[in-house]
Amino acid sequence: MSISKKLINIKATLPKNVSLVAVTKTKTINEIMEAYDSGHRLLGENKIQEMVAKWSALPKDIKWHMIGHIQRNKVKYMAPFVSLIHAVDSLKLIIEINKQALKNQRVIDCLLQIKIASEESKFGMSENDALILLATEDIKELQNIRIIGLMGMATFTNNSNQISKEFQNLKIFYDTLKETRHFTTLSIGMSDDYPIALVNGSTMVRVGSAIFGNRNYS
Ligand SMILES: *Cc1c(COP(=O)(O)O)cnc(C)c1O
């Protein structure tokens, strides 16, 4: 099946309030243009350099989401154009994003990445650390960053009960925070688990291989 066909099929299964980030990491300009030509404008990358290179090469009406772990010294490269940063996990990073957003006279939207998986390797904050961070005085003074929700990655497992439980816990935390904040976005769900994420309140799925095929890292 073609890239555009797969993209359109997946979009058709999503409720109206759920947006699809088509994850283009390792994919070529030609492959990405196939998604673009089918009308898709929301793309995700996990490496800043790769995202900047593609942003330069591709049409400027594409919205770029940074979905990967971020090194602070690279924030400046994406600050002129990035539309949402998914994996924010420290106050230092937030301060740097705010600084670079200010330089570009922009307000940059961000999500806090919460660690929900059982694996050690996954990035993200604990719920408690997120609560502490959101309550700090420093953060209230930052005018050029908006925290608009949460992001999470479930454990890499075939156990759908476990995945479901992890998403469900994050959704509960999200709803609690939403009572007192302007949260709009819960970014959960990838190619293998987005149907489970949809059942558990996802408002944004990040899907790569189910659209573009397996990634070639060689
Ligand atoms: C690569 C990646 C995805 C997409 O993964 P697929 O399994 O190919 O859909 C989603 N989120 C993050 C953070 C990623 O790095």
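This dialogue walks through the ligand site and one serine of a predicted model.

Visitor: What should I know about this model before reading it?

Guide: The model is predicted, with local features needing pLDDT of at least 70 and side-chain atom pairs counting only at pLDDT 80 or more, while totals for chains, interfaces and linings use all residues. Residues are numbered from 1 along each chain as its sequence is written, and side-chain values use heavy atoms, with hydrogens and water left out.

Visitor: Which residues surround the ligand?

Guide: A residue is near a molecule if one of its heavy atoms lies within 4 Å of it. Here the ligand is surrounded by V23, K25, I67, M151, M153, M190, S191, R206, V207, G208, S209 and R215.

Visitor: Where are the polar contacts to the ligand?

Guide: A polar contact is a pair of N or O atoms within 3.5 Å; within protein, one must be able to donate a hydrogen and the other to accept it, and residues adjacent in sequence count only if both atoms are side-chain atoms. In this structure a polar side-chain atom of R206 lies 2.8 Å from a ligand nitrogen, a polar side-chain atom of R215 lies 2.8 Å from a ligand oxygen, and a backbone N or O atom of S209 lies 2.8 Å from an oxygen atom of the ligand.

Visitor: Is S187 buried or exposed?

Guide: Buried means under 20% relative accessible area, exposed over 50%, and partly exposed in between, with a 1.4 Å probe and protein chains only. S187 counts as buried because its relative accessibility is 0%, and its side chain makes a polar contact with the side chain of H86 at 3.0 Å.
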